[in-house]
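Work through the exercises below with the sequence and the model at hand. Each task is followed by a stepwise solution.

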Amino acid sequence: MLSYKELGLVNTKELFKKAIEGGYAIPAFNFNNMEQLQAIISACVETRSPVILQVSSGARKYANQTLLRYMAQGAVEYAKELGYNIPIALHLDHGDTFELCKDCIDSGFSSVMIDGSHHPYEDNIALTKKVVEYAHSKGVTVEGELGVLAGIEDDVVAEHHTYTRPEEVVDFVTRTGVDSLAISIGTSHGANKFTPDQCTRDENGILIPPPLRFDILEEIEKQIPGFPIVLHGASSVPQEYVATINNNGGALKDSIGIPEDQLRKAAASAVCKVNIDSDGRLAMTAAVREVFAKNPAEFDPRKYLGPAREELKKLYMHKTKNVLGSAGKA
């Protein structure tokens, strides 16, 4: 058994308290490999932003749980080497069983999400409470979820979304003891968050997705004032990356994300953690495809993963400065 404190990590309790008071959100960036981790840490050190390193169960299998532990410890040391010891949390994204959450806690994660949202309400409460009791005994923070987000993210698949019901949040938070709550107000997983039929077009023919349900968010804030709220599926799907991918052999169809001005509005509220994964995948894929299109003979991974890492860093610096407002908050 390993405590996250031994790795130099922090849990999310103090991070969220400061974020709510300061009207910004902590970035939760997913990673699967070294280049992604390098980009996240260098971007957040350069902008002086706290950060949550987010790992799905699929990413944990891909990277190997033992290697992952040392990658997280290495991330802390890398930040120091770059000149600033930013607060770093290691978080399990969409844990679906008590056993998985326990295993992550025992291997050095400082925060876990238990997603019981696909279970009946009472079962969700029972599962979440069980995880909370174990996590809190180890000083680890827990994120629960009410409502269902549509889309696909690793092993999480849902065809339809179900908005969070504000009238349930007090009961859920009180009975489970969770430290933060992921809600459904119109975001979704993946790069295809909306169909063109769900969108309108502006004067330039650009698709405009339906707005997030800020009325639901406001009602939730009234029910549990000052409680940390989390937004999943919050990638904005930059169209320049989609175009670069498609212009260099890709086939991304109807890729539409959440407008960044809506994310900024959410981050100024009780939303203090915003999950971003698909945007990072798009940035890296666009950079890799561009390298291969310009130089089809290239076979040195450093020559295509290096530019991908730099593009990802650029994207994440933009997110911390202009979207989440977390720059300068470390």
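The salt bridge count for this model comes to 18, a salt bridge being a side-chain nitrogen of Lys or Arg within 4 Å of a carboxyl oxygen of Asp or Glu. The model is predicted, so local features need pLDDT of at least 70 and side-chain atom pairs pLDDT 80 or more, while totals for chains, interfaces and linings use all residues. Residues are numbered from 1 along each chain as its sequence is written, and side-chain values use heavy atoms, with hydrogens and water left out.

**Exercise 1.** Find the salt bridge partner of Lys13 and state whether each of the two residues is buried or exposed.

Step 1. The partner is Asp179, with 3.8 Å between the closest N and O atoms.
Step 2. Lys13 belongs to helix 1 (residues 13-22), whereas Asp179 sits in the loop between helix 7 (166-176) and strand 8; the pair links distant parts of the chain, 166 residues apart. Helices (H or I, at least four residues) and strands (E, at least two) are DSSP runs, numbered from the N terminus.
Step 3. Lys13 is classed as exposed because its relative accessibility is 55%, and Asp179 as buried because its value is 14%. The classes are buried under 20% relative accessible area, exposed over 50% and partly exposed in between (1.4 Å probe, protein chains only).

**Exercise 2.** Where do Asp106 and Lys102 lie, and what class does each have?

Step 1. Both residues are in helix 5 (residues 98-106), four residues apart, about one turn of the helix.
Step 2. Their side chains form a salt bridge of 2.9 Å, N to O.
Step 3. Asp106 is buried at 15%, and Lys102 is partly exposed at 29%.

**Exercise 3.** Describe the sheet and the helix that packs on strand 5.

Step 1. Eight strands form a closed barrel in the order 1-2-3-4-5-8-11-12, with parallel pairing; two strands pair if DSSP finds at least two bridges between them.
Step 2. On average, neighbouring strands of this sheet are turned by 25° against each other, direction ignored.
Step 3. Strand 5 (residues 141-146) and strand 8 (residues 180-183) run parallel and are joined by four bridges. Glu145 stands opposite Ala182 in strand 8.
Step 4. Helix 6 (residues 121-137) packs on the sheet, touching strand 4 (111-114) and strand 5, and its direction makes about 170° with that of strand 5. Contact means heavy atoms within 4.5 Å; axes are lines fitted to C-alpha atoms, for helices over the stretch in contact, and angles run from 0 to 180 degrees between N-to-C directions.
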